[in-house]
Amino acid sequence: MLIFNSRSKAYKSIISAIATKEQCKLRIVVPRDCKCSRAVLAVQKEGENEELVCYDMFWAGMCGDSYEYWELHFSADTSGLYFYHFELDSPWGRSYIKNSGNGIGDFCLDGDEFCQVVYDRDFTTPDFLKGGIMYQIFPDRFFCSGKRKQNVPEKRIMRKWGEEPFWKDEQMNGVWNNDYFGGDLKGIEQKLDYIASLGVNCIYLNPIFEAHSNHRYDTADYERIDSLLGTEDDLKSLCKAAKEKYGISIILDGVFSHTGCDSRYFNMYGTYDTVGAYNSKESPYFDWYKFIDYPNDYHSWWGIKLLPEIIEENESYREYICGKNGIIRKWLKCGISGWRLDVADELPDVFLDDLRKAVKDENKDAIIIGEVWEDATTKFAYGERRRYLLGDQLDSVMNYPFADAILNFVKLGNGNYFINSIMSIIENYPPQVLNVLMNHIGTHDTERAITRLAGADANGQDRQWQHDNNVLSDCDYLKGVSMMKMASLIQFTLPGVPSIYYGDEIGMQGMRDPFNRACMDWENPNVELLKWYTRLGEIRRGCKAFENGSFTPVYADNGTVAYRRDCCENSVLVAVNNSNEEVGVYVGDEWDVSYNHFEYRSNNGIITLPPYRYTLLSK
């Protein structure tokens, strides 16, 4: 008998963050032998210098002959992080119940505090993404419409579609990321029918503003679309066609922590007719940057001199980006449905606060997704605890903890670690955030998913090694396809919104940048995998539980996991056997009458799965 489990509704009525003034029932199960005379919940809100606040619990009856219940309802008036434990009085003195790991409470003085996240009760997230599917596109490499472009800089190196991206110093002549393949906005519009066939309802585009690299994270002009990608009218046309014909929303990548040194704001090379910060201390942009020894020594993003850092607290910069006539509103007026914020954990609170106000004032249904690689509710950065998901900043984040949990489970087969990783996020995030989490398993910043699953480990390896190991053997590729099916099934059925990195659905391979940014292989798709992704999209559209259904672990042991998603209209059960032995998973005879989307069903409450097989039941 566990004393307390913060991840079980037998002990805690709400397994997630709670809203301000929302009542959460807490219960501990105490051995009668303790002769407990008093039990209290001891709480400390982070950031307040008060002593622990103790709330008396009430005796709530017997649990069998040997245990007893002590309970109370907890609520909080203000948002934030509340750390807590339990204390018991007995004839032998005071005992402490703390977190011994994975939410399990036990008698210990040196255990961790439990954590309850409290968010503002008025916090809502956009509905359009819930139950949907995202599709991430690196614009230069997706599809070229053939439309003639105007005012393309002469220095750009145009490549033949499908060639390997440049990766050697000598290939780039000292100018990195200057090779282009000509993908454009019109090309994306021409492929909307294909994207819609996957069940996608939201496209996330890597940066599209004028910049002097193929990745465009070195913004040169926030007010212009890069000429190689098209025009402002092309973006408007894409947004209109996507929304009206296919119900697909477009979100853009916002890179606001730094600009390019070759930009209208910094203007190191004199490319622009503006007076940049590098050109004069009288520049209107001078105060945006962090100069150490003017003009050549300045703070830059991760020490990369091509990317001078912005002082986001600067009032002029915040007005330019977030003001009534600012960049955020300008592009929302063109028809986009939100922003993904690059390195959101490097943006200060005052900037994020202003940005949210700008987005929601312009379109309350637009979404804000931050790039945060860790748990976004407990993230500590730049000397302070961040408040991304408490109601006044982000709507969602890129869900790297889920990605790591999925890929590690499929590759290594540790079911208990997988469930604990998932539950650690679920118990901390607001439910409305869980429903719109960006659940990827690969992006432009990581290896392709199939490569990470079936290939060699790229950690610590240079580009030469990655190039030499960039293509899987035939045997490893076939294994990778099977692993991708398992990984994507889990990805598509966890709380949140699955995000497909362009080409993963057709089995594209690739180590890290630039190998993971190759041209979309339209001529040689893996048809088996493409059909699989299409089927997963159909299943998501047919199951309401994926919109906002609760998540409950059913089974976890070694390489096997099972979990369910439940809402008032629909219940779904997923079982995965990632081991080399047949496994029988008891799920209850209620599932005997369910619909099986794949081969294996429940008989007498048991699902029997052969090695490396899975099923999905719905009722």
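This report walks through two helix pairs, the pockets and the cavities of a predicted model.

## Ground rules

Because this is a predicted model, local features need pLDDT of at least 70 and side-chain atom pairs count only at pLDDT 80 or more, while totals for chains, interfaces and linings use all residues. Residues are numbered from 1 along each chain as its sequence is written, and side-chain values use heavy atoms, with hydrogens and water left out.

## Helices 13 and 14

Take helix 13 (residues 474–493) and helix 14 (residues 527–542): their axes come within 11 Å and cross at roughly 15 degrees. Helices here are DSSP runs (H or I, at least four residues), numbered from the N terminus. Axes are lines fitted to C-alpha atoms over the stretch in contact, and angles run from 0 to 180 degrees between N-to-C directions. The two are therefore roughly parallel (angles under 35 degrees; over 145 counts as roughly antiparallel).

Helix 13 brings V481, M484, K485, S488, L489 and F492 to the contact, and helix 14 brings E528, L529, W532, Y533, L536, G537 and R540 (contact means heavy atoms within 4.5 Å). By class, that makes eight nonpolar, two polar and three charged residues. Ala, Val, Leu, Ile, Met, Phe, Trp, Tyr, Cys and Pro count as nonpolar, Asp, Glu, Lys and Arg as charged, and the others, Gly among them, as polar.

## Helices 8 and 9

Helix 8 (residues 400–412) packs on helix 9 (residues 415–426) at about 170 degrees, with the axes 9 Å apart. This pair is therefore roughly antiparallel. Helix 8 residues in the contact include P401, F402 and F409, and those of helix 9 include Y417, F418 and I426. There are ten nonpolar, three polar and no charged residues in this contact.

## Pockets

The largest pocket holds about 1400 Å³ of space. On a 1 Å grid over the protein atoms alone, a pocket is an open set of points with protein on both sides within 12 Å along at least five of seven lines, a cavity is a set where a 1.4 Å probe fits but cannot get out, and lining residues have an atom within 4 Å of a point. Of its 41 lining residues, N177, S213, H215, D218 and L307 are closest to the centre. The lining splits into 16 nonpolar, ten polar and 15 charged residues.

The second largest pocket has a volume of about 500 Å³. G162, M508, A518, C519 and D521 are the closest to its centre among 23 lining residues.

## Cavities

There are three cavities of 30 Å³ or more, and the largest has about 60 Å³ of space. Its lining includes R141, W176, N177, D179 and R517, with five nonpolar, two polar and five charged residues overall.

How values were computed: Parallel < 35°, antiparallel > 145°, perpendicular 65-115°, else oblique. Points joined across faces, edges and corners; volume = space filled by probe spheres on them.
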